[in-house]
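Please find below some notes on the model, written as numbered points. They begin with a single strand pairing and widen from there to the whole chain.

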Amino acid sequence: MLNVSHHYANDRLARHGHREGYAAVVLAGTYMEAGCGPRTTVRAGHVILHDRYDHHQDRFGAGGAVVLNLPLPCGIEHRVGSVEDVDAIAKTAETDIAAAMTFLTDVLRPAVLAEDDWVDELAEGLIANPGRSMAE
C-alpha cells in the first residue's frame, strides 16, 4: 500500500521513532528534520534515508510538504540524497513498492545541503568524535 503523507503549512511532528527503516522521498514542499545528526532542510527531490529505530522531529515550511515513504532493509545509514525525477519513483510505487525502492537506490545520489548553523556543526563534531569535550 502506498504511504504518502501530506503536511500542511507550518505543521510540526513531535519527536517520534519508526520500527522499520524507510526512505522519505520529498515529492513537493520543504521541511526541516532534526534527529540523529545535524538538522537537515530538504525540498522536493531530496530523500532522507532512516535506519530502523531512528528518532527525529519534523517542521514543515510555509507551503507544507508531500512525502512518499518507502520501506528500506535494515542496516542502512541515515543520510540525505537526491533524485532528479521524484514523479517517476512515485509512479512506480503506485504499482510496485519493491520496484520503486530498487529504482530509488539506482538513481539516488548524495545531496549537498547548505547548513551553516553552529549548533549543527557542534552536533556533527560530537557525532564524529564522541569522546571530545565541549571545551574543545
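1. In strand β5, V47 is the bridge partner of V25, and I48 is the bridge partner of A24. Strand β3 (residues 22–34) and β5 pair in the antiparallel sense over 4 bridges, where two strands are said to pair if DSSP finds at least two bridges between them. Helices (H or I, at least four residues) and strands (E, at least two) are DSSP runs, numbered from the N terminus.

2. Before going further, please note that this is a predicted model, in which local features need pLDDT of at least 70 and side-chain atom pairs count only at pLDDT 80 or more, whereas totals for chains, interfaces and linings use all residues. Residues are numbered from 1 along each chain as its sequence is written, and side-chain values use heavy atoms, with hydrogens and water left out.

3. The mean pLDDT (the predictor's confidence in each residue, from 0 to 100) is 87 for the protein, with 90% of its residues reaching 70 or more. Among the elements, strand β1 (residues 4–7) has the highest mean, 96, and helix α3 (residues 118–128) the lowest, 71. Where pLDDT is low, the predicted coordinates should not be read in detail.

4. Strand β3 has further partners besides β5: β3 and β6 pair in the antiparallel sense over 11 bridges, with P71 in β6 as the bridge partner of Y22. With strand β4 (residues 40–43), β3 forms another antiparallel pairing over 4 bridges, in which M32 stands opposite T41, and a hairpin of 5 residues joins β3 to β4.

5. On its side, β5 (residues 46–50) is also joined by 4 bridges to strand β7 (residues 79–82), the two running antiparallel, and V47 stands opposite G81 there. In β5, 5 of its 5 residues are buried, a term that means under 20% relative accessible area, with exposed meaning over 50% and partly exposed in between (1.4 Å probe, protein chains only). H46, I48 and H50 lie on one side and V47 and L49 on the other, so both faces of the strand are covered.

6. Which residues of helix α1 (residues 86–95) are buried? They are V86, I89, A90 and A93. These residues lie on the same side of α1 because they cover an arc of only 95° around the axis (the arc being that of the directions from the helix axis to the C-beta atoms). The face turned away from this buried side carries the exposed residues D87, K91, E94 and T95, while what covers the buried residues includes β3, β6 (55–71) and α2.

7. Helix α2 (residues 97–107) contains A100, which is buried with a relative accessible area of 0%. Leaving aside neighbours within four places in sequence, A100 is in contact (heavy atoms within 4.5 Å) with L70, I89, T92 and A93. The C-alpha atoms of A100 and A90, 10 residues apart along the chain, are separated by 7.4 Å.

8. For the protein as a whole, the pattern along the sequence is β-β-β-β-β-β-β-α-α-β-α. The radius of gyration, taken over C-alpha atoms, is 15 Å, close to the 14 Å that the globule rule (2.2 Å times the number of residues to the power 0.38) gives for 136 residues, so the protein is as compact as a globular protein of that length. Buried residues make up 35% of the 136 residues, and residues 24 or more positions apart account for 75% of the contacts with a separation of 6 or more.
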